[in-house]
Number of protein chains: 2
Amino acid sequence: MIRCPKCSQVHAINRSGMVRGKQRYYCKECNVYFTLSENVPVVTEEAAVRKKHMTTIADIAQALNISKSTVSRALHEHSDINPATKKAVMEMAQQLDYTPNLLAQSLVRSRSNTIGIIVPELVTYFFPTVIIGATEVATEAGYNVVICQSQESLKSEIANVNVLLASRVEGVLVSMTRETGTFDHFRSFERHGVPMVFYNRVCDELNSPKVLVNDYEGAFKATEHLIKNGYKRIAHIGGPSNLRLSFNRLNGYTDALKRYGFPVKDELIVKSDLSRQGSVRCAKRLLGLPEPPDAVFCVNDPTAIQLMLVAKSMGISIPGALGVVGFSNDPIAAVIEPSLTTIEQPVAEMGRVAMQLLIDTLKDEHVESNPAFISLGTKLIKRGSSQR
Amino acid sequence: MIRCPKCSQVHAINRSGMVRGKQRYYCKECNVYFTLSENVPVVTEEAAVRKKHMTTIADIAQALNISKSTVSRALHEHSDINPATKKAVMEMAQQLDYTPNLLAQSLVRSRSNTIGIIVPELVTYFFPTVIIGATEVATEAGYNVVICQSQESLKSEIANVNVLLASRVEGVLVSMTRETGTFDHFRSFERHGVPMVFYNRVCDELNSPKVLVNDYEGAFKATEHLIKNGYKRIAHIGGPSNLRLSFNRLNGYTDALKRYGFPVKDELIVKSDLSRQGSVRCAKRLLGLPEPPDAVFCVNDPTAIQLMLVAKSMGISIPGALGVVGFSNDPIAAVIEPSLTTIEQPVAEMGRVAMQLLIDTLKDEHVESNPAFISLGTKLIKRGSSQR
DNA sequence: CTGAAAGCGCTAACAC
DNA sequence: GTGTTAGCGCTTTCAG
């Protein structure tokens, strides 16, 4: 325990920086700064062990009796440096347990070497997989990654933007929340010159590159598949209208119907907010219709799975009385019974592509970059839920 | 496009800091630094827009003709500051689009205000949920969180440790990879005085606080449940032996058997490395036994699910011919057919508790902290896979 | 209540 | 090849 030398208090003590390699303390009660004198062992071993003086390049320089710049040069792959000096520095660094201070480095270089990723949620198959792909590419290129989850809340999305901005990330990968309808917070990346790349849930109002799967094509294939399997009254549970993917998947669905001469009926198209309850509500609405559909194309797999559970609970047999197709090929789709027909999308690839695009933007800043729009292919995975 | 004034090259140009508010460039080819003169518009609009000068407190100070210190004081809730001055500063900050530089702040304060979380993987239900709980508490306490995934690889785990150390995180939450057998990298947190709290996959070699669920108790309840449902030959698929949870769950299983007078048979205990293939292999091994088990308690739900899939493919009926119980209550457990009996653990709570423990350690550093060992309760969720 | 000055740890001209 | 010096943006004494 550390006591304030003035008031002998214990509770009001805070640490307050180091002075000549020694921990300095501050007493909130009496507003006093102090360090501990050598022969007064008032600090617990526990606390003493903690927060030792981190060695700096100055320590290495002093130990070797050379200048800091030389140490700095030796530590990096810098041009001219005496191999002997370099060796000595490396050894001393090792011996002193030197860990570079990224904060200082970033500050002086005006480059944080860090890229931010904003995801709307983490407890899914999709976003973590994107992160893995993106991180792979970033690491390869020498960038660190910081992940922010907006929890599908605009408020935390805005908070995320501010933290990333304050952390001086050099670029960001963004997938919006399902409730994002204003975009000023994203514009502040623009204002500060931080390049963005949108993925999956993109923003049309902003002039940034976007990486998507070909939602239209996937939806078309899914609907076509249901048609070819003899379903006649095909419904659609879509996503929220602020997301472009909802729009594109809806279009794929309606165009497939039209192409095969089916009418597009408004009562067969419902919109989920992508929450579980929302999807259950949509499912009940459709299945409770006076003239219910005999098949449903769902905007994503979690929605399709909720639909299947509702159908099961109502005693509706799948795929006999109801065909179901999802979108995304969530691992759960293969496990549920019957297994779920779905549209596979290259998830990790999306992360890789988006990150690569961002890094290219970062690097070739003298090159006129035309806001790219990358669309990745999809694949129909035929399984039990749609084939009778 | 920007051309080097010396060699007229375009490709070898890099940015290199700012000088008097103007972007400075560097040509790798001819080793020359330059800025662009006003009247030569060689920079694309695109590039010009990017990386504007970020406003600093110095800019605000200058605009208001006051000192940096005053600005700094106004920006924080600092003691004595003229309300009028404060107001002016706030307004100017707003107007100039000021964003504090966390890097500079952290550097001068020797406090990054950041906590690291190491997770072995992200594409699951468990770890993201822990992260959500932990982040909640951290945000509440004013800390930022940086997430590192080790991808179940010791090598990236070590890399994670180094990045976190270099980023000067003030503490870390750690769950080890399934292959972590050496602990020197963790000790370097100790050496640098960065407190750790282990969660879920804890390390016994290290003297840090640990947060776990009561694995023993959960496993005991699971096994007991199978016994009470009339299963006689109960096997166990366990986890890798470097994880304490494997050990504890194994003990719960054997003790339950003993308690009810069943023999513990070695051939009925197999160990998975928790990978999908590993679990499939274990499942096949057990079900292919001359005298196969009539029930299996699995170390976690993903393993149980692989077992169920293997059993199904072999035409073994669940729960009739084979009872299955998992551990963790993964959402998939409720969806698979038959639904999976499992042990529910308070996942988000684990994150919250671990983070709270860490933050307490950070705050009360003058208090002798006894390395805590927190064990959270579990609950048996009875479902279809184990009741005949 | 405010300003001047020092410095967190590091990099990178510039000189020698 | 190496040392000197000047900051990166910010906080925090100390002295008014």
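**Exercise 1.** Determine how many bridges join strand β9 of chain A to β10(A), and place this pair in its sheet.

*Solution.* In this predicted model, strand β9 (residues 234–238) of chain A is joined to β10(A) by three bridges, and the two run parallel. Strands here are DSSP runs of E with at least two residues, helices are runs of H or I with at least four residues, and both are numbered from the N terminus; two strands pair if DSSP finds at least two bridges between them. Within this pair, A:Ile237 stands opposite A:Val270 in β10(A). Next, widen the view to the open sheet of four strands, which has the order β10-β9-β11-β12 (chain A) and parallel pairing. β10 (269–271) and β12 (323–325) of chain A each have a single partner strand, so one side of each edge strand is left without a neighbour in the sheet. Neighbouring strands of this sheet are turned by 15° against each other on average, direction ignored, where axes are lines fitted to C-alpha atoms, for helices over the stretch in contact, and angles run from 0 to 180 degrees between N-to-C directions. Finally, helix α12 (residues 301–313) of chain A lies across β9, β11 (295–298) and β12 of chain A, and runs at about 150° to β11(A).

Residues are numbered from 1 along each chain as its sequence is written, while chains are lettered from A and ligands numbered from 1 in the order in which they are written. Because the model is predicted, local features need pLDDT of at least 70 and side-chain atom pairs count only at pLDDT 80 or more, whereas totals for chains, interfaces and linings use all residues.

**Exercise 2.** Describe the six-stranded open sheet of chain A, and say which strands form its edges.

*Solution.* The order of the strands is β5-β4-β6-β7-β8-β14 (chain A), with parallel pairing. The edge strands, each pairing on one side only, are β5 (144–149) and β14 (373–376) of chain A. On average, neighbouring strands of this sheet are turned by 20° against each other, direction ignored. At the β14(A) edge, strand β8 (residues 210–213) of chain A pairs with β14(A) in the parallel sense over four bridges, and A:Phe373 is the bridge partner of A:Lys210. Helix α6 (residues 126–140) of chain A lies across β4 (114–119), β5, β6 (171–174) and β7 (196–199) of chain A, running at about 170° to β4(A).

**Exercise 3.** Work out which residues of α10(B) are buried, and what they pack against.

*Solution.* Helix α10 (residues 244–259) of chain B has 16 residues and reaches 22 Å from its first C-alpha to its last, close to the 22 Å expected at 1.5 Å a residue; the expected span is 1.5 Å times one less than the number of residues. A residue is buried if 20 or more other C-beta atoms, placed from the backbone, lie within 10 Å of its own. By that rule B:Leu245, B:Ser246, B:Asn248, B:Arg249, B:Leu250, B:Gly252, B:Tyr253, B:Ala256 and B:Leu257 are buried. These buried residues pack against β8 (210–213), α9 (215–228), β9 (234–238) and β11 (295–298) of chain B, contact requiring C-beta atoms, placed from the backbone, within 7 Å. After α10(B) comes B:Gly261, whose phi is positive, near 75°.

**Exercise 4.** Establish whether one face or both faces of strand β7 of chain B are covered.

*Solution.* In a regular strand the side chains alternate between the two faces of the sheet. In strand β7 (residues 196–199) of chain B, B:Met196 and B:Phe198 lie on one side and B:Val197 and B:Tyr199 on the other, and all are buried, so that both faces are covered. Strand β6 (residues 171–174) of chain B pairs with β7(B) in the parallel sense over three bridges, with B:Phe198 as the bridge partner of B:Val174.

Notes: Contact = placed C-beta atoms within 7 Å. Buried ≥ 20, exposed ≤ 12 C-beta atoms within 10 Å, placed from the backbone.
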